[in-house]
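Open the model in your viewer and keep the selection tool handy. Could you walk me through this structure, telling me what to click on and what I'll find there?

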Amino acid sequence: MNARGFGFVVPDEHDDDGDIYIASNRLGGARNGDRVRTLVLTRYGDTRKRSGRIIKVLERLSAISGEIQSVVRSHDLPEEFSTEALTEAAHIETEPSEREIARRIDRRHLNIVTIDGADAKDLDDGVYAEKNSDGSYFLGVYIADVSHYVREGSPLDAEAYERGTSVYLVDRVLPMLPKELSNGICSLNAGTERLSMACEMRLSASGRVEAYKIFPTVISVRRRLSYEGVNKFFAGDRTELTELSAMLSTLKEIRDKRFKLRADRGAIDFELGEIKVVLDDEGHPINVLKRRRELAESVIEECMLTANETVARHLSEKNIPSLYRVHEPPASDNLERLNELLNAFGFHLRIRMKGVKPSDIQKVLTAVKGRRGEHTVNTATLRAMQQARYSAENVGHFGLAAQFYTHFTSPIRRYPDLIVHRLLKETLGNQAMSPARLKRWKKNLPEIAAQSSTRERIAVEAERESTMLKAVEYMQQFVGATFEGMISGVTNFGFFVELENGVDGLVRSTGLRDDHYEFVEREYALIGRRTGRAFRVGDAVTVKLIEANVGLRQINFSLVDNAVE
């Protein structure tokens, strides 16, 4: 639509006849960016020009939604599946065949449950647990058998490889697989028979894995549970989950034992306080909250970590070529810069001849917990780390302090997990790979690892950008309002202030009117040249919101208590 009031409709599908001209009196209330249904009325000029009338607005697309679309396009995220992949998905069975079920170990009698966010649609992991009379535990982790449906070299496999991962933007999901699989036959929906890959483990009374079995199975999830409901159970409200009380209590015991074992070996536990933007039905932000990892989330996390470590150990000890999730130790120069920041807060990281141990870093994070600068120290420590990645070589996982680690538990949304499932199936029952297959896997796995790592980084960037965009949109309504906040970072051009909801913005040093402030790097502070007034990480401040710029993804504050003396 232009300044004169008329506009054009661009057909969803490629159309050789071009765009459709809409006169100002035939817009039907539509605005720029809306999806509409259009009636073509006439042709004019040469036969390829058309005019029409908008008969229905199908979907409002605000300027902000357009910004989300720009995130999708700037990261080159695929929005549509190929015709070949969609055709293959449309012909996949909607229920497991009796013939395939008969080939598998049957676990339909177990009270397996899924525990996910209330709005999750791709449910790829189920759990079941029992406590044995001797104090040991049985833990079963049951993962959707995507590899049964997505075959090597198929159109669906090609799509999954190119995408690498599902992308969870703030207002939409760009799935790795079409909905017929991700929300259908591969999703462990309650009350339906589903093919699964099982990792069943016997844990000692202290939580160590003493024995395990990995095999294809058929399951029927008894109940779908939500994190919210399970957290209520753990908080003492057991009215809705009474029949699952014993198993949920056992899962919590396993979580506590496994968490302690990881802590004892020095695994790093970051508390970063990421934000969650709550949207209404039309995609408008109505709240911003700090995302907290509560007990139910931790229970599932520990179950998945245990299965991933067990599968990785199995692959390594059996000399099966595979993909690993690896995390190298931080570089020495990063550690030196981190120590400079820590010294400003009164902490020191012990750096040995061979670098640091994960436990050294965790000691610092534990010491700073609840104190000034906790958020900054956590963030700076994370930035000092290497990025976790996928590799065909097992070099261990520094952050988890794990010798063996892989991704096995999310094949609906991560391509490496799908590859791990294929490798497990190809070597079931100690079956050896043929020399040709062994050569092929060794050649292809490094390329798959590199592609998967790249796609993961792109997805993470896009997800963060879309969340920030909606957070800024939410804050627009508060321009001119004052807030209490905490300084979360200091630079040579100002300092960042984090509000209680986790949103942060910048106070520019050029806007500090009472003095000329200089950045003192060794103290991570802005200090007034005349007054000596200092702004340090962890200081409480009162700020006024002066700008929330969606296009730039920026929030700017001014300091309230900054009068010229």
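Start by selecting Asp-539 and Arg-536: in this predicted model, the side chain of Asp-539 reaches the backbone nitrogen of Arg-536 at 2.8 Å. Asp-539 sits in the loop between strand 23 (534-536) and strand 24 (540-549). Is Asp-539 buried, exposed or partly exposed? Its relative accessibility is 24%, so Asp-539 counts as partly exposed.

Now show what surrounds that loop residue. Leaving aside residues up to four places away in sequence, Asp-539 touches Arg-372, Gly-485, Met-486, Ile-487 and Ala-534. Draw a C-alpha to C-alpha distance to Met-486 and you should get 5.6 Å, although Asp-539 and Met-486 are 53 residues apart in sequence.

**Strand 18 and its partners**

Next, select strand 18 (482-491). On one pairing, strand 18 runs antiparallel to strand 24, and five bridges join them. To find a spot on that pairing, click Thr-482, whose bridge partner in strand 24 is Lys-544.

Strand 18 also pairs with strand 19 (residues 494-499), again in the antiparallel sense, over six bridges. Here you can pick Gly-485, which has Leu-499 as its bridge partner in strand 19. Follow the chain from strand 18 to strand 19 and you pass through a hairpin with two residues joining them.

**Helix 11 and Thr-376**

From strand 18, move over to helix 11 (residues 374-384) and pick Thr-376, which has its place there. What does the side chain of Thr-376 find in Ser-488? A polar atom of that side chain lies 2.4 Å from the backbone oxygen of Ser-488. Thr-376 is buried, with a relative accessible area of 9%. Apart from residues up to four places away in sequence, Thr-376 touches Leu-341, Phe-345, Ser-488, Gly-489 and Val-537.

Thr-376 has buried company in helix 11: Val-377, Asn-378, Thr-379, Ala-380, Thr-381 and Ala-384 are buried as well. Turn on helix 9 (332-344), helix 10 (358-368) and strand 18, which are among the elements covering the buried residues of helix 11.

**A hairpin stop**

Take a short detour to strand 21 (residues 517-520) and strand 22 (residues 525-528), which pair in the antiparallel sense over four bridges. Click Glu-518 and look across to its bridge partner in strand 22, Ile-527. The two strands form a hairpin with four residues between them. In the turn, check the backbone of Tyr-524: its phi is positive, about 50 degrees.

**Helix 8**

Now select helix 8 (residues 295-317), which has 23 residues. From first C-alpha to last, helix 8 reaches 33 Å, close to the 33 Å expected at 1.5 Å a residue. Is helix 8 largely enclosed by the rest of the structure or not, and why? Of its 23 residues, 17 are buried, so helix 8 is largely enclosed by the rest of the structure. Go past the end of the helix to Asn-319, which follows it and has a positive phi, near 55 degrees.

Within helix 8, click Val-311. Val-311 is buried, with a relative accessible area of 0%. Show its contacts, skipping residues up to four places away in sequence, and Cys-199, Ile-214, Thr-406, Phe-408, Val-420 and Leu-424 appear.

**The nonpolar cores**

Zoom out to the largest nonpolar core, which has 80 residues. Those with the most contacts inside it are Leu-139, Val-141, Leu-181, Leu-248, Leu-251 and Phe-408. Helix 8 supplies the largest share of this core, nine residues. Then switch to a second, separate core of 57 residues, including Val-71, Leu-169, Leu-335 and Tyr-474.

Back in the largest core, select Val-141. Not counting residues up to four places away in sequence, the residues Val-141 touches include Cys-199, Cys-303, Met-304 and Ala-307.

**Last stop: the cysteines**

How many disulfides are there? The count comes to zero. Cys-303 is buried at 1% relative accessible area. Its closest cysteine sulfur is in Cys-199, 11 Å away and so too far for a bond. Finish on Cys-186, which counts as buried at 2% relative accessibility. For Cys-186 the closest cysteine sulfur is also in Cys-199, but the 19 Å between the sulfurs is too far for a bond.

Definitions and conventions. Residues are numbered from 1 along each chain as its sequence is written. This is a predicted model: local features need pLDDT of at least 70, side-chain atom pairs count only at pLDDT 80 or more; totals for chains, interfaces and linings use all residues. Side-chain values use heavy atoms; hydrogens and water are left out. Buried means under 20% relative accessible area, exposed over 50%, partly exposed in between (1.4 Å probe, protein chains only). A polar contact is a pair of N or O atoms within 3.5 Å; within protein, one must be able to donate a hydrogen and the other to accept it, and residues adjacent in sequence count only if both atoms are side-chain atoms. Contact means heavy atoms within 4.5 Å. Two strands pair if DSSP finds at least two bridges between them. The expected span of a helix is 1.5 Å times one less than its number of residues. A disulfide is a pair of cysteine sulfur atoms within 2.5 Å. A nonpolar core is a set of buried Ala, Val, Leu, Ile, Met, Phe, Trp, Tyr and Cys residues joined through side-chain atoms within 4.5 Å.
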